[in-house]
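Dear colleague,

I am handing over the structure we spoke about, with the sequence alongside. Please look through it first, and then read the notes below.

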Amino acid sequence: MQLVHLACAAAILLLSGCSQTTAVMAEFSQQTRHPIATATLDAGNTGLAAYYCRRALCAGDDAQNQSVGAFLAFDLGGLEQPQHLRATLRLYQGEARSVYAELGELLVERIQVGEFRSPEALEAPALTAQVNRADGEGYLELDVTPALRQALAEGKTQLQFRLRFSRPTNGNGRGDLAIFGAREEYRPALVLR
């Protein structure tokens, strides 16, 4: 009789161990992709924003009251269109309370242009948009699943995003820039689950 109880206990432990293993495997089934290209552009095409933001990505306006946008492109190679695929855009944002107060909410828009380092990327139509109002320092995690699914359905090989504020400038003659980390430890990521 004790042997039967021991066998049952062993079977229960074995089964619960398998379900935990499955959960652990599911957690590790996520994929993280980093941008294949990034850029910061200003509406006047002076290149000053790109120069000052060469170690980061910036969005807002510059001292000449020109809109500044940040751009990211992710490779979609090897992805198919499974219905369950979820996508999160992870960005590290420096403290930006004054920028949000001056320029409104941050728009994270999917765009599709041939070369997003050209000025046309600032004016390209938004294909999808996500809004962020969190102005503090830290990681932003935005659900960009609709943008990913749309790009895959269209057969695109890249997923491109533009970051800009709802008000292009406040006209105060000062640079109002939100800064997003681009260095290795703060690099933007597209997290696929």
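I begin with R86, which counts as partly exposed at a relative accessibility of 40%. Please keep in mind throughout that this is a predicted model. R86 forms a salt bridge with D143, and the closest N and O atoms of the two are 2.7 Å apart. The pair links distant parts of the chain, since R86 sits in the loop between β4 (67-75) and β5 while D143 belongs to strand β8, 57 residues apart. D143 is itself partly exposed, with a relative accessible area of 34%.

The structure holds ten salt bridges, and two others deserve a description here. The side chains of D135 and R97 meet at 3.9 Å, N to O, and this pair again links distant parts of the chain, with D135 in the loop between β7 and β8 and R97 in helix α3 (residues 97-103), 38 residues apart. D135 is partly exposed at 23% relative accessible area, and R97 is partly exposed as well, at 48%. R164 forms a salt bridge with E109, with the closest N and O atoms 2.8 Å apart; because R164 lies in strand β9 and E109 in strand β6, the pair ties together parts that are 55 residues apart in sequence. Here R164 is partly exposed at 25% relative accessibility, whereas E109 is buried, with a relative accessible area of 3%. Salt bridges that share partners also join E95, R97 and D135 into one network.

Turning to the interior, the largest nonpolar core has 32 residues, and those with the most contacts inside it include L106, L148, L163 and F180. Apart from this core lies another, of eleven residues, among them A39, F71, L122 and A124. Leaving aside neighbours within four places in sequence, F180 is in contact with residues including A56, L91, L106, L140 and L163.

Helix α5 (residues 145-153) has T145, A147, L148, A151 and L152 as its buried residues. They cover an arc of only 165 degrees around the axis, which means that they lie on the same side of α5. On the other side of α5, P146 and A153 are exposed. The cover over the buried residues of α5 includes strands β5, β6, β7, β8, β9 and β11. Just after α5, G155 takes a positive phi of about 75 degrees.

Finally, at the surface, L48, Y51 and Y52 make a nonpolar patch of about 360 Å². L48 lies in helix α2 (residues 48-52) and is partly exposed, with a relative accessible area of 37%.

With best regards

Technical notes. Residues are numbered from 1 along each chain as its sequence is written. This is a predicted model: local features need pLDDT of at least 70, side-chain atom pairs count only at pLDDT 80 or more; totals for chains, interfaces and linings use all residues. Side-chain values use heavy atoms; hydrogens and water are left out. Patches are made of residues with over 30% relative accessible area and no salt bridge: like charges are joined within 9 Å, nonpolar side chains (Val, Leu, Ile, Met, Phe, Trp, Tyr) within 5 Å. Accessible areas come from the Shrake-Rupley method with a 1.4 Å probe; for residues, only the protein chains shown count as cover. A salt bridge is a side-chain nitrogen of Lys or Arg within 4 Å of a carboxyl oxygen of Asp or Glu. Helices (H or I, at least four residues) and strands (E, at least two) are DSSP runs, numbered from the N terminus. Buried means under 20% relative accessible area, exposed over 50%, partly exposed in between (1.4 Å probe, protein chains only). A nonpolar core is a set of buried Ala, Val, Leu, Ile, Met, Phe, Trp, Tyr and Cys residues joined through side-chain atoms within 4.5 Å. Contact means heavy atoms within 4.5 Å. The arc is that of the directions from the helix axis to the C-beta atoms.
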